Structures are given as structure tokens and as C-alpha cells.
There are 2 protein chains.
Amino acid sequence: MKKKDEYRIVEKELTRFLQANGLRKTPERYAILKEIYCHHGHFNVEALYDSMIRKKYRVSKATVYNTIEILIACGLVRRHHFDESQAYYEKSYFDSQHDHLLLDEGEVIEFCDPRIELIKKELEKTNGVEIYRHSLLFYGRKKNNHS
Amino acid sequence: MKKKDEYRIVEKELTRFLQANGLRKTPERYAILKEIYCHHGHFNVEALYDSMIRKKYRVSKATVYNTIEILIACGLVRRHHFDESQAYYEKSYFDSQHDHLLLDEGEVIEFCDPRIELIKKELEKTNGVEIYRHSLLFYGRKKNNHS
DNA sequence: TTCATTGCAAAGCGTTTGCAGTCAC
DNA sequence: GTGACTGCAAACGCTTTGCAATGAA
């Protein structure tokens, strides 16, 4: 699907969410959504903010933080905590849930393993709980082939 | 095993590590190790620091942070990032690796599932990498039985 | 008109750093 | 005696908050 078509869909989704929750449809919110869906991969607030400023779109970081919270609430963005200090985000509407393998070299490999779902189901049954989210991270490095 | 016997063992382990790496055997380092191994469960730096101050042991937070880094390096302590903002720690010498299920109610349930190891092995083979660590967190809440 | 939202700057909070003084070796 | 380590306070980096001005409804 083209970026433009994707945006048309998520834009509608945001409108629906804002209306349903009595929130205002401000231009900043749509601009931030557009910026996020124009790119791919993971980003942090700094990068998103810089990218918009570079395009001469005047936003404040406070608004970026605030808007991302809304986008997470309506399922258009996912948040990750790869390293300890800062949050990373990615658009989530057209991708299915996946986990990450982080390499020391900087590369991020996404994967999806059905066994996670099995572990989750078992934990739910064993502990009488309802699990609504999980985070699985593997940390590794490229293998030295001649060793 | 008694707390005292446990401490005697990890104390030796720390001494070995400090000597092997040309680091000094300062009283603060042993005091912090002792404080950690006197308790069980997860703790953050604030709690550890407060606990030592309450016992009239004079330490600085800088030293606590510095020492924990050493204890992690020699395998006596593990670090977790349960929530976004702050790190939690736990003693690790006598426990095997395990993962966590965090409940909204505040409870932390530890579990261990062999399938994680299988996923890890598969990822290593598929991507030609060596995985040295992982973090798996499930987030849930107690189930409402009459629903 | 009204009040949710914005931008800005200041505050918060866990963690790290700089540095003079201390103490393990 | 020497330099690794300590305590203290200031700096840091990301995020949140307070507040006056703005603009969506």
C-alpha cells in the first residue's frame, strides 16, 4: 500500500478516536501522525521533533509527547523501551505484533514466535490472570564465523 | 541456606572478582553486598540507599551506583527495567535465571519457561548471531472470576 | 464565548560526572 | 606515597508540568 493511502486510513482512525473521546481535532495531532506514518522503523521523540522542525513545521516537544500518548491509546503507535533511558516508538496499525532482537552492532531484527502466545496462555491459566501486553527482547552480537 | 552462609559465599566471590580485576576491596563494597543479600525480592537504588542510611551506614548514592555495576559484572546482581523510568535489581547468585509477570495490583510473579531457550537457539541459528541476554515481561491483572 | 490544547520554560527524577579529600595497597 | 575510590553537589537527558496565550467547537 502507498504511504498516502496508509495515511488516509489512520487519519480516519484518529478522527474516530478523537470524536469518540471528546478530544479536539487539532492540526498538530494530524501533522504528527502524518510524520510518523511517512517514515518506517523505530524513532524517538527527539528524532520525530527534529524531523518536523526541519520541515518548518512548528511544534513543541510537549505536544509531541502529548500526541504520542493519544496515538498509543488508539492503537496507531507502539512504545518500546529498548535501552534503559529513553522510549522508542513505531507505527503499529498495519504491522502485527512482533518482538525484537537487538544487536550490539546497532541492528534491530524483528521476529514473531507463536510460542510466546502459548507461554502467555499457560501463565494466564496457572495464575488466574489476564495478560494484556508483553515485551520480549533478545540481546546479541554478530557471530564471528571463524571461531 | 542461612543468610549468613550465603553472604560468606558471595563475599568470597566478590573478593575473587576484585582481585582478579585489580580493584580495591573497600568496606563500602562489602557493606552494599551484605545489604543486598540480607533482603529478598526486587529493590531500586533509592530503597537500598535508604535502608543503609537508616542503619547508620554512611554511603553515597554515587558509590551505590558504582558498586552495583561491579556486582552485576561479577554475576552477583541482576538488573531489570520493569517500568520505563527506573532500574530494579535483585541478587542473582543462588537463583536461576527467570522471567517476570507484573500485575497491575503490584504483585510480581517469577516464572521460568524452557521455550524461551528454544526460541533463543532458533534465532541464533537463523540470524547467525550469539545471544547473551534476554528480557521477557508479561503485564496483566487479576482475573475477575464472576465474569 | 469557552475551555481543551498549544508553546515555552521550568521543574522532576533517576542516573552520571567532576573534583577535592581519603584510604587501600 | 600513590592513585583508586569515596562523598558531595552539580550536571545530564528524557519526560512532565505550570501557565498564559491560542484557537477548535
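## The surface near DNA strand D

In this predicted model, α4 (61-73) of chain A and both α2 (27-38) and α4 (61-73) of chain B each put at least two residues into the surface near DNA strand D. Among these elements, α4(B) gives the most, with 3 residues. In all, 19 residues surround the strand, and the closest are A:R24, A:Y65, B:R24, B:S60 and B:T63. Much of what they meet is backbone: sugar and phosphate make up 73% of the strand D atoms that come within 4 Å of the protein. By residue type, the surface near strand D splits into 7 nonpolar, 6 polar and 6 charged.

What about individual phosphate contacts? Take A:Y65, where an N or O atom of the side chain sits 2.5 Å from a phosphate oxygen of DNA strand D. From chain B, a polar side-chain atom of B:N66 is 2.8 Å from a phosphate oxygen of strand D, and one of B:R58 is 2.9 Å from a phosphate oxygen of that strand.

## The surface near DNA strand C

Over at DNA strand C, there are 19 residues around the strand, with A:R58, A:S60, A:T63, A:N66 and B:Y65 coming nearest. Here α2 (27-38) and α4 of chain A, along with α4 of chain B, each bring at least two residues to the surface. The largest share, 3 residues, is down to α4(A). Sort the residues near strand C by type and you get 7 nonpolar, 6 polar and 6 charged.

Which parts of DNA strand C come within 4 Å of the protein? Sugar or phosphate accounts for 76% of those atoms, and bases for the rest. Chain A offers a few phosphate contacts to look at. With A:R24 it's the backbone that does the job, placing an N or O atom 2.9 Å from a phosphate oxygen of strand C. For A:T26 the atom in question is a side-chain N or O, 2.9 Å from a phosphate oxygen of strand C. A:R29 has a polar side-chain atom 3.0 Å from a phosphate oxygen of the strand.

## The largest pocket

Turning to open space in the protein, the largest pocket holds about 910 Å³. It is lined by 38 residues, and those closest to its centre are A:H81, A:S135, A:L137, B:H81 and B:S135. Both chains take part through their strands: β1 (77-80), β3 (99-103) and β5 (129-142) of chain A, and β1 (77-80), β3 (99-103) and β5 (129-142) of chain B, each supply at least two residues of the lining.

How do the lining residues of this pocket divide into nonpolar, polar and charged? The tally is 12 nonpolar, 14 polar and 12 charged.

## A buried glutamate in chain B

One more spot is worth a look: B:E35, which belongs to helix α2 of chain B. Is this residue buried or exposed? B:E35 counts as buried because its relative accessible area is 7%, and the cut-off for buried is under 20%.

So what does B:E35 touch? Setting aside neighbours within four places in sequence, B:E35 is in contact with B:L48, B:S51, B:M52 and B:K55. With B:S51 there is also a polar contact between the two side chains, at 2.5 Å.

Technical notes. Residues numbered from 1 in each chain as written. Chains lettered and ligands numbered in written order. Predicted model: local features only at pLDDT ≥ 70, side-chain atom pairs only at ≥ 80, totals over all residues. Heavy atoms only, no water. Near = heavy atom within 4 Å. Polar contact = N/O pair within 3.5 Å; in protein donor to acceptor, adjacent residues only side chain to side chain. Helix = DSSP H or I, 4+ residues; strand = E, 2+ residues; numbered from the N terminus. Nonpolar A, V, L, I, M, F, W, Y, C, P; charged D, E, K, R; others polar. 1 Å grid on protein atoms, 1.4 Å probe; cavity = no way out; pocket = protein on both sides within 12 Å on 5 of 7 lines; lining within 4 Å. Points joined across faces, edges and corners; volume = space filled by probe spheres on them. Buried < 20%, exposed > 50% of the residue type's maximum accessible area, 1.4 Å probe, protein only. Contact = heavy atoms within 4.5 Å.
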